[in-house]
Amino acid sequence: TRCAPHWACLRLTPVSKPKTEVSLRVRAMRYLARREHSRAELHSKLLPYVQDGEDVEAVLDELAQRNWLSDARAAEQMVTQRRSRYGSQRIAHELRQKGIGEELIAGALPQLKASELEAAREVWSKKFGQPAQDQKERARQARFLQSRGFSMDAILKVLKNAAVNDTDSGG
């Protein structure tokens, strides 16, 4: 006699699938499908998966040749994502960490510096919203903006403008 199908009677054994190694090209395509990567960044992500006979540089060359891998696009995407939250100094530092070339960074900096004051005002407004009441608070606000990578010039303008607007409306 067979028992009625219930969980105690079911013997489920996990079926093990044979592991298939994903090629470097497929792995690289998966990374690029999520977001743009610089060549150096993608190279470092692929290195742990290199098998005998595989050439990371050849894979990266093929992707670049097909225009699927572009440092310029990676830099542009990163600048676009971070410009409203960070200053030009921090963005330039992050671009260098991702392996973006200095010529691409130098090309992006004028655009970043042009919008830096507005971005600093926006970040300051979201975080603080009101001018500092004393020197200690003013220094804290300045340190916060510095940690976000804004230039001292932009920081001083934001804090000065906030103080001027406060005295105009307050008294």
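**Notes on a predicted all-helix model**

1. **Overall make-up.** Buried residues make up 30% of the 171 residues in the protein. The model is predicted. The protein has 8 helices and 0 strands. Read from the N terminus, its elements run α-α-α-α-α-α-α-α. Take the contacts in the protein with a separation of 6 or more: 57% of them join residues 24 or more positions apart.

2. **The largest nonpolar core.** This core has 14 residues. Which of them touch the most other members? They are W124, L145, F150 and I155. Three elements each give two or more residues to the core: α6 (102-127), α7 (135-147) and α8 (152-170). The largest share comes from α8, with 5 residues.

3. **W124 and its contacts.** Start with W124, one of the core residues just named. Leave out residues up to four places away in sequence, and W124 touches G129, Q130, P131, Q141, L145, V158, L159 and A162. L145 is on that list, and L145 is also among the core residues that touch the most other members.

4. **A second core.** There is another core, separate from the one above, with 12 residues. Its members include M78, Y86, I91 and L95. Keep Y86 and I91 in mind for the next point.

5. **The cavity.** How many cavities of 30 Å³ or more does the structure hold? The count is 1. The largest cavity has about 30 Å³ of space. Its lining consists of R83, Y86, G87, S88, I91, L112, S115, E116 and A119. Y86 and I91 appear here, and both also belong to the second core.

6. **Who lines the cavity.** α5 (88-97) and α6 each supply at least two lining residues of the largest cavity. The largest share, 4 residues, comes from α6. Sorted by class, the lining has 4 nonpolar, 3 polar and 2 charged residues. A general point helps here: rolling a probe the size of a water molecule over the atoms shows where empty space is left.

7. **S88, a lining residue.** S88 is part of the lining of the largest cavity. S88 sits in helix α5. Is S88 buried or exposed? S88 counts as buried because its relative accessibility is 3%, and the cut-off for buried is under 20%. Beyond residues up to four places away in sequence, S88 touches L109, L112, K113, E116 and G149. L112 and E116 also help to line the largest cavity.

8. **The aromatic pair.** The count of aromatic pairs is 1. F128 and F144 form this pair, which is edge-to-face. Their rings lie 5.5 Å apart, centre to centre, with 90° between the planes. The pair links distant parts of the chain, 16 residues apart. F128 is in the loop between α6 and α7, and F144 is in helix α7. F128 is buried, at 15% relative accessible area. F144 is buried too, at 18%.

9. **N67, a residue to check.** Where does N67 lie? N67 is in the loop between α3 (56-65) and α4 (71-82). The phi of N67 is near 65°, a positive value in a residue other than glycine. Most residues other than glycine have a negative phi. N67 has 47% relative accessibility, so N67 counts as partly exposed.

Definitions and conventions. Residues numbered from 1 in each chain as written. Predicted model: local features only at pLDDT ≥ 70, side-chain atom pairs only at ≥ 80, totals over all residues. Heavy atoms only, no water. Core = buried A, V, L, I, M, F, W, Y, C linked by side-chain atoms within 4.5 Å. Buried < 20%, exposed > 50% of the residue type's maximum accessible area, 1.4 Å probe, protein only. Contact = heavy atoms within 4.5 Å. 1 Å grid on protein atoms, 1.4 Å probe; cavity = no way out; pocket = protein on both sides within 12 Å on 5 of 7 lines; lining within 4 Å. Points joined across faces, edges and corners; volume = space filled by probe spheres on them. Nonpolar A, V, L, I, M, F, W, Y, C, P; charged D, E, K, R; others polar. Phe/Tyr/Trp six-rings, centres within 6.5 Å; stacked < 30°, edge-to-face > 60°.
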